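Let's walk through this structure together, one piece at a time. Have a look at the model first, and then follow along.

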Amino acid sequence: MQNADVLVVGAGPVGLTAAIVLTQRGHHVTVVDRQAEGANTSRAAVVHPRTLELLQPYGVTERLVGRGVHTPTFTIRDRDRVLIAVPFDRLATPYPYTLMISQADTEAYLLERLEELGGKVIRPATVTATTQRADGVEVTFDDGQRMTARYVIGADGMHSTVRERAGIGFTGSTYAESFVLADVRLSGGVPHGEVILYFSPAGLVVVAPLAPDGTYRIVATVDEQRGAAPQHPDAAFVQRLLDERGPLGRPAVVDEVIWGSRFRVHHRIADTFRDRRLLLAGDAAHVHSPAGGQGMNLGIEDAVVLGESLSRVLDGAPEQVLDGYAAERRRTATRVVALAGRLTELATAAPRLRPVRNLVMRLAGTLPPVRHTLALRLSGLDRR
């Protein structure tokens, strides 16, 4: 393989974003991915206002905005009762909404933009070793090929080879529950124009519009002690989740499951985001509960900040700029992981604590400063 200024390992949204930033700024970037093709399922589906702001200078935002569903309100409910409504439409941003869009579409638009800039993704290509030297990193692939890059970005997910080869710890633990994710067609009583986090003693469920045709994203916790969730949940299983956690007065009806999966969720943060010329971003650096929809957004934010920082260093700035990236992004990840954890704990509070929790949240929800602060944190605009 041809040598490069930067090798990006991983061609998900985080890796593609980092490559776009660096390529647009005139640097030679190689992107490799172990998968033979990009994502063709929706997986991460929430794009927040701050993410759209960050991507705007790189020619991606308007494509996403034109494709996705604009959802101006995030609500937390206990069945039919609204505990707190968080309005995004009053935020000082050109994008005052949560954008719901399939990850497959997000990746497609990012790849399209990278290719317009002259970049491409080499697939399948699996990194097996990295050797750091004073002036670069030698990378070995599973087919025996080697290449050298001045810097390597590990955007290769929770089981990151780049992180493991650098010997960077990934501190944290695993949630006791499994999470079920499904894209379904719904009818019935799910409110329109909202991303809804339903609280229930049985666990949380998130319901969010994914397309104008009545397609919704469902994310739910499943207590393993009550029986493991199926690897591919069907309509009957998702219906049971909504019956025990969703709206009561006018129940939601699952007409069809388009796609579904089960996964375990960790809350972990890398001990450092930088080891000399190896740098981490996205799930390679931090993973957490999907409550609040922060995961992909935080990773794309990493990628933009890292791409811009690396560009400065490649243009002659001191390497301390990269230390600044690593320290600042780790602090940010710690705050976001804590927020997602608190939302998950609130959602799964014991039945005896539920009335107190609901009362406190409803009272807090009457205070405009509380709603505004939550909107800033969930939208990512507090990290401007």
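In helix H10, the buried residues are Arg-371, Ala-375, Leu-378 and Ser-379; buried here means under 20% relative accessible area, with exposed over 50% and partly exposed in between, using a 1.4 Å probe and protein chains only. They sit on the same side of H10, because they cover an arc of only 90 degrees around the axis, an arc being that of the directions from the helix axis to the C-beta atoms. Keep in mind that this is a predicted model, where local features need pLDDT of at least 70 and side-chain atom pairs count only at pLDDT 80 or more, while totals for chains, interfaces and linings use all residues. Residues are numbered from 1 along each chain as its sequence is written, and side-chain values use heavy atoms, with hydrogens and water left out.

What covers those buried residues of H10? Helix H2 (49-55), strand E5 (73-78), strand E6 (81-87) and helix H8 (320-347) are among the elements that do. Helices (H or I, at least four residues) and strands (E, at least two) are DSSP runs, numbered from the N terminus. H10 itself spans residues 368-379, and its 12 residues reach 16 Å from the first C-alpha to the last, close to the 16 Å expected; that expected span is 1.5 Å times one less than the number of residues. Just after H10 comes Gly-380, with a positive phi of about 85 degrees.

H10 also helps to line a pocket. It gives the most to the lining of the second largest pocket, with 5 residues. That pocket is lined by 15 residues, and Leu-339, Leu-343, Leu-346, Met-361 and Leu-374 lie nearest its centre. By class, the lining has 12 nonpolar, 1 polar and 2 charged residues. Here Ala, Val, Leu, Ile, Met, Phe, Trp, Tyr, Cys and Pro count as nonpolar, Asp, Glu, Lys and Arg as charged, and the others, Gly among them, as polar. A pocket is an open set of points on a 1 Å grid over the protein atoms alone, where a 1.4 Å probe fits, with protein on both sides within 12 Å along at least five of seven lines; lining residues have an atom within 4 Å of a point.

Now turn to helix H7 (residues 295-314), the place of Ser-311. Ser-311 is buried, with a relative accessible area of 2%. Not counting residues up to four places away in sequence, Ser-311 touches Leu-22, Arg-25 and His-27, where contact means heavy atoms within 4.5 Å.
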